[in-house]
Amino acid sequence: MAIQSSQQDGEALKPQHVEIKAPILYITTLFQSTGASLIWPIATLYMHNVLHETMTMAGMVVMGLSIMMMIGSWVGGHLFDRWNPYKSILGAVALATAMLAALTFWHSWPVFAIFMLILGFADGIIYTLLNSYAATIQSIDSRKVFNLQYLFMNVGVVVGTAIVGFLFNHGVQFVFGGATIMYLIFSVMVFRYFNVKGLAAQATKDAAKAAKSNFRTPVLIYALLGLAFSLYMGYILWETVVATHMTDLGMTTQDYSFLWTINGIVIIVGQGLLDRIIEKLPFRLTVLGGTALFAVSFLFLMNAKTYPMFIFTFMILTIGEMFASPQMPAWIDHISDPNAKGRAQGFMTMAISLGRAVGPLYGGLMIDGGSYKALFASMFGIMMLFVVVTFILDRASRRRKRRLANQ
C-alpha cells in the first residue's frame with residue numbers, strides 16, 4: 001500500500017515509499033537482455049553478408065536504430081514522471097514483441113530496417129523505464145541494485161550470444177523467433193509484477209521536486225558524458241564492424257558470437273571478485289583507467305589476424321569494461337544534483353545512445369573510404385582524448401575543493 005490509513009497517537013502516518021521487488025527487476029532484465037543479445041550481434045552481418053548492403057548503409061541503419069533508442073529513452077523518462085510507469089512499460093514491451101514477431105516472418109530489405117528502427121524506439125523506452133524502476137528501490141543500497149542489474153544483464157548476454165551463432169546458421173527467422181519468445185516471457189512478467197500501487201503518484205512528486213532545483217552542473221559532468229559517448233562509440237564497433245572484419249578473415253559467425261559469451265562469463269565471475277576492490281578505489285582510477293584499457297584494445301585489434309589474438313584483445317576490452325562501465329553512472333550520480341539524479345542519468349543514457357548512433361556510420365565510412373586499421377587507430381585517439389580531458393577537469397575540481405576547504 002502507498003499510504004497507511006490507520007493512525008498512531010492521533011496522527012495519520014506519512015505515505016510510505018513504494019518500489020518494485022528487486023528479484024523481479026533482475027529476472028525481467030535477464031529475459032530482456034537475452035532477447036536483445038540475439039539481435040545485435042547479427043544485425044550488421046545480416047545486412048552486409050545476406051542482404052548485400054554496403055557497410056556504410058548498414059552503419060546508417062544501426063545509427064538510426066541508436067537514434068530511435070535515444071528518442072525512446074527521452075520519451076520513457078517523461079512517461080515515467082508524467083504519466084503511468086506500468087502502462088508505459090507494458091505498451092513498450094508489447095510494441096517490441098510485435099516487431100520481433102513481424103521480423104520472424106518478414107526480414108527482407110527494406111522491411112528489415114524499418115522494423116528494426118521501430119524496435120529501437122520501443123527498446124529505448126524499455127531501458128529507461130527499467131532503470132527508473134530500479135531507481136525506486138531504497139530497501140537495498142542503490143550501488144548494489146545497479147551492480148546486480150548489470151550482472152543479470154550480462155547473464156542474458158552470455159545466454160543470447162552463446163546460441164545466436166547456432167540459430168543464425170539455421171536461418172535468421174530462428175534468431176528473431178527466439179528473441180520473440182524471450183520478449184513474450186518478459187511481457188508476462190511485466191504484466192504480472194510491474195503494476196506497483198502508488199508508484200505513479202510517487203514518481204510525479206519526485207519529478208516536481210527535481211524541477212525546482214537550482215543546482216549548478218559541474219563542468220566535469222559534461223566531460224564524463226563525452227567519455228561515455230566515446231566508450232560506447234567504440235563498444236558499438238565491436239558489436240557491428242568487427243563481426244564483418246572477422247568473417248572477412250575466414251572466421252565464422254559462431255566464432256564471433258562466442259567472444260561475447262566469453263565476455264559475459266568473465267564479467268559475471270570477475271565483477272563479484274572486483275566489487276569490494278572497486279568500491280575502495282577513486283572514480284578517476286576505475287573509470288579513466290578502465291576506459292584507457294578499453295582504448296588500448298583497439299591498438300591490438302589493428303594487428304589481430306588469428307582467433308586467439310581476437311580473444312586476447314577482447315579480454316583487454318572486457319577488463320576495461322568491468323572497471324569503467326558500472327562506475328561511470330556512479331560517478332555521475334556522485335557529483336550530480338541530489339534532487340535531480342534521474343535527469344543526470346538520463347543525460348548519461350543519451351550520451352551512450354549518441355555514441356552507439358555515431359559509431360556504426362563512422363565505422364562504415366572509415367572502412368569504405370579507408371581501412372580497418374585507420375578506423376581502429378582513430379578510435380584509440382578519440383577515446384584517449386576524452387580520458388585526458390576528463391582527467392584534467394577532475395584534477396582541477398579536486399584542487400578547487402581543497403582551496404575552498406582551506407579557506
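Here are some questions and answers on how the labels in this predicted model are earned.

Q: Why is Asp394 called buried?
A: Asp394 has a relative accessibility of 6%. Buried means under 20%, so Asp394 counts as buried.

Q: And what makes Arg398 partly exposed?
A: Its relative accessible area is 23%. Partly exposed is the range between buried, under 20%, and exposed, over 50%, so Arg398 gets that label.

Q: How do you know that Asp394 and Arg398 form a salt bridge?
A: Check the gap: their closest N and O atoms are 3.1 Å apart. The cut-off is within 4 Å, for a side-chain nitrogen of Lys or Arg and a carboxyl oxygen of Asp or Glu, so this pair makes the grade. A search of the whole structure turns up one salt bridge.

Q: Where do Asp394 and Arg398 sit along the chain?
A: Both are in helix H16 (residues 372-406). They're four residues apart, which is about one turn of the helix.

Q: Why are helices H1 and H7 called roughly antiparallel?
A: Helix H1 (residues 22-37) packs against helix H7 (residues 172-193) at an angle of about 160°, and their axes are 8 Å apart. Angles over 145 degrees count as roughly antiparallel, so H1 and H7 fit that description. Their crossing is left-handed.

Q: What makes H12 and H14 oblique instead?
A: Look at the angle again: helix H12 (residues 283-301) and helix H14 (residues 327-335) cross at roughly 140°, with axes that come within 10 Å. Roughly antiparallel needs over 145 degrees, and roughly perpendicular covers 65 to 115. The angle here fits neither, so the two helices are oblique to each other. H12 passes H14 in a left-handed crossing.

Q: Why is Ile265 called partly exposed, and where does it lie?
A: Ile265 has 44% relative accessibility. That's between the 20% and 50% limits, so Ile265 counts as partly exposed. You'll find Ile265 in helix H11 (residues 253-278). Together with Val269 and Leu273, Ile265 makes a nonpolar surface patch of about 300 Å².

Q: What makes Pro218 partly exposed?
A: Pro218 has a relative accessible area of 25%. Buried would need under 20% and exposed over 50%, so Pro218 is partly exposed. Pro218 belongs to the loop between helix H8 (199-211) and helix H9 (219-239).

Q: How far apart are Pro218 and Ile335, in sequence and in space?
A: In sequence, 117 residues separate Pro218 from Ile335. In space, they are 7.6 Å apart, going from C-alpha to C-alpha.

Technical notes. Residues numbered from 1 in each chain as written. Predicted model: local features only at pLDDT ≥ 70, side-chain atom pairs only at ≥ 80, totals over all residues. Heavy atoms only, no water. Patch = residues over 30% accessible without salt bridge, like charges linked within 9 Å, V, L, I, M, F, W, Y side chains within 5 Å. Areas by Shrake-Rupley, 256 points an atom, 1.4 Å probe, with all protein chains shown as cover. Buried < 20%, exposed > 50% of the residue type's maximum accessible area, 1.4 Å probe, protein only. Axes fitted to C-alpha atoms, helices over the stretch in contact; angles between N-to-C directions. Parallel < 35°, antiparallel > 145°, perpendicular 65-115°, else oblique. Left-handed = near helix turned anticlockwise from the far one by under 90°.
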